[in-house]
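Student: I should like to understand the terms used to describe this structure. May we take them one at a time?

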Amino acid sequence: MFIKDNLQTIKETAAKDVILVAVSKTKPIADIKEAYDAGHKIFGENKIQEMVQKYEALPKDIEWHMIGHLQRNKVKYMAHFVSLIHGVDSLKTLTEINKQAIKHNRVIPCLLQARIAQEETKFGLDFEEIEQILRSDDLKALENIKIVGLMGMASFTDDEDQISSEYKSLKIFFEKLKNSNSDSKTLNIKLDTLSMGMSGDYKIALLNGSNMIRVGSAIFGERNYIT
Ligand SMILES: *Cc1c(COP(=O)(O)O)cnc(C)c1O
């Protein structure tokens, strides 16, 4: 029953309008079912194939979030059901998601991944690149995707001030973008989601304005294998 208790504890920490994505990567169906039976319906995975298998095995009212780095050639496997894609970091990937969404006659919500960590990381866009994508004419043509916000990961460090300042910088940028896009004529941009915070730092993320947290090990325990 620890999964249910952990979910409860985290939900009590977060304000009502904060969305909790329970990150179930590497965890068996039985664990997800336990969270589901406790009333939780939003799960995150970082591998497309693993998410597809779990989608097929579990109730269809679950919302599946793809939180990992995307391999473009695998987008097609999840295009019919994925609820939100967190880690989008190029116009090329948005174009592929759009193409696959058209096949299923749906609009797929996406978050652009911002690079905020000081440590070297291959993933994510800097703020300038995000602005370029949001302004681009190419984006306007992608009618089957919708950019609904930003996602960021802080540095892997014990330094809480650093984590806090990284999240704060993304929150400030997010608000700035929201203001400048509020009268946007681009219909496929509607910024309302800021996905920041994992098991080790979600409290800091919440203090800095996150409204979507992605929590795995603090719900399900240590990962069953390295991803
Ligand atoms: C694994 C993962 C998480 C959850 O990590 P925990 O530390 O177990 O909470 C959150 N976001 C992303 C992008 C991940 O890959």
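Student: How do the residues of the shell around the ligand divide into nonpolar, polar and charged?

Tutor: The shell divides into 6 nonpolar, 3 polar and 3 charged residues. Ala, Val, Leu, Ile, Met, Phe, Trp, Tyr, Cys and Pro count as nonpolar, Asp, Glu, Lys and Arg as charged, and the others, Gly among them, as polar. This is a predicted model, in which local features need pLDDT of at least 70 and side-chain atom pairs pLDDT 80 or more, while totals for chains, interfaces and linings use all residues. Residues are numbered from 1 along each chain as its sequence is written, and side-chain values use heavy atoms, without hydrogens and water.

Student: What makes a residue part of the surroundings of the ligand?

Tutor: A residue is near a molecule if one of its heavy atoms lies within 4 Å of it. Among the residues around the ligand are Val-23, Lys-25, Met-151 and Gly-216.

Student: Why is the approach of the Ser-199 side chain to the ligand called a polar contact?

Tutor: A polar contact is a pair of N or O atoms within 3.5 Å. An N or O atom in the side chain of Ser-199 is 2.5 Å from a ligand oxygen, so the pair meets that limit. For Arg-214, the distance from a side-chain N or O atom to a ligand nitrogen is 2.9 Å.

Student: Why is the pair of Phe-43 and Trp-64 called tilted?

Tutor: Rings of Phe, Tyr and Trp (its six-membered ring) pair if their centres lie within 6.5 Å; planes under 30 degrees apart count as stacked, over 60 as edge-to-face and the rest as tilted. The ring centres of Phe-43 and Trp-64 are 5.9 Å apart and their planes stand at 40 degrees, so the pair is tilted.

Methods:
A polar contact is a pair of N or O atoms within 3.5 Å; within protein, one must be able to donate a hydrogen and the other to accept it, and residues adjacent in sequence count only if both atoms are side-chain atoms.
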